[in-house]
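Colleague: I have some labels to check with you. Please justify each one.

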Amino acid sequence: MNEVEYLRIISGQRQDWRARLLKVCLGISCFPYRVAVALRNRMFDWRLRSTHQSAVPVISLGNLTTGGTGKTPFVAYLTRWFQEQGVNVALLSRGYRALPGEVNDEKLLLDRLCRGVPHYQNPNRSASAEQAVAEGAQLLILDDGFQHRKLVRNLDIVLIDALNPWGYGSLLPRGLLREPKSALRRADFVILTRADQCSQTTLENLQAEIANELSQDLIGQAVFRPLGLVNADGQTQTLESVAGKTVWAFCAIGNPLGFRQTLENAGYRVAGMQIFPDHHHYSSEELQEIGSQAALASADLILTTSKDLVKLSEQKLSKVPVWAVEIGAEMTQGNEAFEGLLHSLILEVSSG
């Protein structure tokens with residue numbers, strides 16, 4: 001069973017007897033996972049597991065679910081914010097699903113979005129932190145670090161996708177939750193992403209739920225704005241220049257439906273979309289199939305995400321131009337409290 005089919009089952013899109021039976025089995029498997037997560041967290045809470053304290057401030061940007069909350073554009077947002085304050089930033093990540101001897105798609109994208117910013121990929125984030133500090137970093141941003149408690153952080157930020165906040169309501173493997181909602185008590189600030197893609201009532205209910213674990217003053221909202229289009233050759237064009245055209249879409253990200261809604265909100269007619277597992281590496285046969293489907297749909301262009309584009313070299317598939325939608329993160333609520341926390345780290349950098 002591939003990842004796409006797995007998501008169809010746990011989300012309830014599949015309702016046949018096999019899917020229902022599998023969901024029961026997955027639900028039973030949640031129990032040992034819950035016990036293991038609780039035991040691991042208690043060991044850190046009770047200081048039975050060692051931690052590493054960096055010589056410079058560390059910000060962790062993470063989530064409760066597996067992927068799909070918009071961490072990559074938000075890492076770029078934070079990096080640029082600190083750069084504007086004159087701080088030397090370095091990025092730390094695990095290198096999830098990187099091919100042997102290569103870096104993963106997130107690093108490729110962040111290298112383009114944050115040019116010149118050192119990015120260390122290593123499952124041992126403590127070792128990366130020491131290396132980054134030795135090479136001049138004044139502040140570290142730990143990507144996808146909420147569950148990585150080995151490295152002590154000064155600020156724990158958790159992103160929650162407003163479209164699917166609780167990963168279909170269950171822990172792994174029945175749902176997408178890495179930890180129960182109560183884990184938010186460890187967070188210093190929570191940001192609801194894609195806040196513009198759901199109703200105000202939904203947002204208010206979500207904030208009320210989160211407020212059971214964290215102060216209402218420490219909850220913000222953010223949106224991801226489409227900024228323009230870019231192709232594999234680095235050429236750009238505005239969204240308006242192709243608005244209203246028929247597009248074929250494909251992606252390999254944690255929240256493909258959020259990407260489709262972004263395209264539709266931008267005024268594109270989406271003839272169809274092919275979804276691949278998160279961080280997927282495309283074969284030549286798969287790219288040929290994408291081009292064939294786009295041509296059959298008489299699409300004017302093929303659209304994908306920036307995270308997918310960095311894994312491609314093709315500017316066209318079956319003679320249909322391929323472009324990526326560049327996305328930028330923007331805080332829309334809670335800015336003052338959030339920036340207050342960021343400024344406190346500036347003071348730590350200065351005093352250090």
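Modeller: What follows covers a helix pair, one residue in the pair and the core around it. Bear in mind that this is a predicted model.

Colleague: Why are helix 3 and helix 10 called oblique to each other?

Modeller: Their axes cross at roughly 55°. Angles under 35 degrees count as roughly parallel, and 65 to 115 as roughly perpendicular. The value fits neither class, so helix 3 and helix 10 are oblique. The crossing is right-handed, and the axes come within 11 Å.

Colleague: What makes the contact of helix 3 with helix 10, by class?

Modeller: It has nine nonpolar residues, one polar and one charged. Helix 3 brings Phe 74, Tyr 77, Leu 78, Trp 81 and Phe 82. Helix 10 (residues 335–351) brings Phe 338, Glu 339, Leu 342, His 343, Leu 345 and Ile 346. Glu counts as charged.

Colleague: Why does Glu 339 count as partly exposed?

Modeller: Its relative accessibility is 27%. Buried means under 20%, exposed over 50%. Glu 339 falls in between, so it is partly exposed. Beyond its sequence neighbours up to four places away, Glu 339 touches Tyr 77 and Trp 81.

Colleague: Which residues have the most contacts inside the largest nonpolar core?

Modeller: Phe 74, Leu 78, Phe 82 and Phe 338, in a core of 33 residues. Helix 3 (residues 71–84) gives the most to this core, with seven residues.

Colleague: What is Phe 82 in contact with, leaving aside neighbours within four places in sequence?

Modeller: Ile 59, Val 87, Val 89, Leu 139, Leu 342, Leu 345 and Ile 346.

Technical notes: Residues numbered from 1 in each chain as written. Predicted model: local features only at pLDDT ≥ 70, side-chain atom pairs only at ≥ 80, totals over all residues. Heavy atoms only, no water. Core = buried A, V, L, I, M, F, W, Y, C linked by side-chain atoms within 4.5 Å. Buried < 20%, exposed > 50% of the residue type's maximum accessible area, 1.4 Å probe, protein only. Helix = DSSP H or I, 4+ residues; strand = E, 2+ residues; numbered from the N terminus. Contact = heavy atoms within 4.5 Å. Axes fitted to C-alpha atoms, helices over the stretch in contact; angles between N-to-C directions. Parallel < 35°, antiparallel > 145°, perpendicular 65-115°, else oblique. Left-handed = near helix turned anticlockwise from the far one by under 90°.
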